[in-house]
Amino acid sequence: MTNEGAGLRVDAERNRQRIIATAREIFAERGIDVPMEDIARRAGVGVGTLYRRYPTRADLVTAAFEAKMTAYAEVARDALADPDPWSGFCGYVERICAMQAGDRGFTTVLTMSFPMAKRFEADRDRAFADFSALVDRAKAAGGLRADFVTEDLPLFLLANAGVLAATADAAPDAWRRLVGYLLQACAADAARPLPDPPAPRQMYRAMLRATKSQRATK
């Protein structure tokens, strides 16, 4: 006698894996505003099956990018291990911008916030804490300009996302020049007075607004 319940669970898990794999693939290709129906069609499942597992776009996005967000957090940990604090800082910025360039979906996800996805946001928080430590080390070593603040990082990511969206296939490496400019501007020996940075709450509101805008395309 077969165990029908076990069979159903196996099918459900197979569908979940297919949906996630497809979402990662199509988000990387087209960004996270792709219609959910397109994801279901390519995954070979019904739209109802997709929505039962992932009721909102945010649910699917955080599931699809959970592993990449963990990898993003590890980049900061690796940068802290660099014996040269300034090199660690520059390498960190370059690597996360490269992660954006390699995945159109992740380009957007890095500039968004998902308060209901606890594990997802925990990895982001861990990355932010390590980045804060990285900033302090680079300043103490004299490499990073003294007025750099952690809120500047989301500005970098938003700027890089804009360049990536505008250049796309036409000039796929243009983002590297932007990052080069940004890092040169971060160097202590090139520092000139800057306007005041945005407050943390302002950047958080900007990220939430980006999240809501994406949800509106569900």
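Let's start in a loop: aspartate 169 sits between H9 and helix H10, the latter spanning 174-186. The model you have open is a predicted one. Around that loop, the protein chain is built from eleven helices and zero strands. The briefing below moves from the loop to the overall fold, then to one helix pair, the nonpolar core, and a few residues worth a click in your viewer.

**The loop residue Asp169**

- Because its relative accessibility is 76%, over the 50% cut-off, aspartate 169 counts as exposed.
- Pick aspartate 84 as a partner for a distance check: 85 residues separate it from aspartate 169 along the chain, and the two C-alpha atoms are 35 Å apart.

**Overall fold**

- Following the sequence from start to end, you will read the pattern α-α-α-α-α-α-α-α-α-α-α.
- Taken along the principal axes, the box filled by the C-alpha atoms of the protein chain is roughly 75 × 35 × 30 Å.
- The protein chain has 218 residues, and 40% of them count as buried.
- If you take the contacts between residues at least 6 apart in sequence, 72% of them join residues at least 24 apart.

**How H6 meets H9**

- Two packed helices are described by the angle between their axes and the distance between the axes.
- For helix H6 (residues 85-101) and helix H9 (residues 152-167), that angle is about 40°, and the axes lie 10 Å apart.
- The crossing in which H6 passes H9 is right-handed.
- On the H6 side, the contact is made by Tyr92, Val93, Ile96, Cys97, Gln100 and Ala101.
- H9 answers with Leu153, Phe156, Leu157, Asn160, Ala161 and Leu164.
- Sorted by class, this contact of H6 with H9 holds ten nonpolar residues, two polar ones and no charged ones.

**Glutamine 100, a polar residue in that contact**

- Glutamine 100 belongs to helix H6.
- Is glutamine 100 buried or exposed? Its relative accessibility is 1%, which is under the 20% cut-off, so glutamine 100 counts as buried.
- With neighbours within four places in sequence left aside, glutamine 100 is in contact with Leu157, Asn160, Ala161 and Leu164, and also with Thr107 and Leu110.
- Leu157, Asn160, Ala161 and Leu164 are also listed among the H9 residues that make the helix contact.

**The largest nonpolar core**

- This core has 55 residues, and the members that touch the most others are Phe27, Tyr72, Phe89 and Tyr92.
- H6 supplies the largest share of the core, with seven residues.
- Tyr92 is also one of the H6 residues in the contact with H9.
- Which residues does phenylalanine 89 touch, not counting those up to four places away in sequence? The answer is Phe131, Leu134, Val135, Ala138, Leu144, Phe148, Leu183 and Cys186.

**Annotated regions from UniProt**

- An unreviewed UniProt entry carries the annotation "domain: HTH tetR-type" for residues 13-72.
- In the model, the chain over residues 13-72 is 80% helix and 0% strand, with its end C-alpha atoms 26 Å apart.
- The annotation "DNA-binding region", likewise from an unreviewed UniProt entry, covers residues 35-54.
- Over residues 35-54 the helix content is 75% and the strand content 0%, while the end C-alpha atoms are 14 Å apart.

**Two partly exposed helix residues**

- Arginine 42 is part of helix H2, which runs over residues 36-43.
- At 39% relative accessibility, between the cut-offs of 20% and 50%, arginine 42 is therefore classed as partly exposed.
- Arginine 42 and threonine 22 are 20 residues apart in sequence, and their C-alpha atoms are 6.8 Å apart in space.
- Apart from neighbours within four places in sequence, arginine 42 is in contact with Thr22, Glu25, Ile26 and Glu29.
- Alanine 71 has its place in helix H5 (residues 66-80).
- Its relative accessibility is 35%, so alanine 71 counts as partly exposed.
- For a longer look across the model, try alanine 71 and arginine 205: they are 134 residues apart along the chain, with 25 Å between their C-alpha atoms.

Methods. Residues are numbered from 1 along each chain as its sequence is written. This is a predicted model: local features need pLDDT of at least 70, side-chain atom pairs count only at pLDDT 80 or more; totals for chains, interfaces and linings use all residues. Side-chain values use heavy atoms; hydrogens and water are left out. Axes are lines fitted to C-alpha atoms, for helices over the stretch in contact, and angles run from 0 to 180 degrees between N-to-C directions. Helices (H or I, at least four residues) and strands (E, at least two) are DSSP runs, numbered from the N terminus. A crossing is left-handed if the near helix is turned anticlockwise from the far one by less than a right angle, and right-handed if clockwise. Contact means heavy atoms within 4.5 Å. Ala, Val, Leu, Ile, Met, Phe, Trp, Tyr, Cys and Pro count as nonpolar, Asp, Glu, Lys and Arg as charged, and the others, Gly among them, as polar. A nonpolar core is a set of buried Ala, Val, Leu, Ile, Met, Phe, Trp, Tyr and Cys residues joined through side-chain atoms within 4.5 Å. Buried means under 20% relative accessible area, exposed over 50%, partly exposed in between (1.4 Å probe, protein chains only). UniProt positions are given in the numbering used here, feature names are shortened, and annotations may be inferred rather than shown by experiment.
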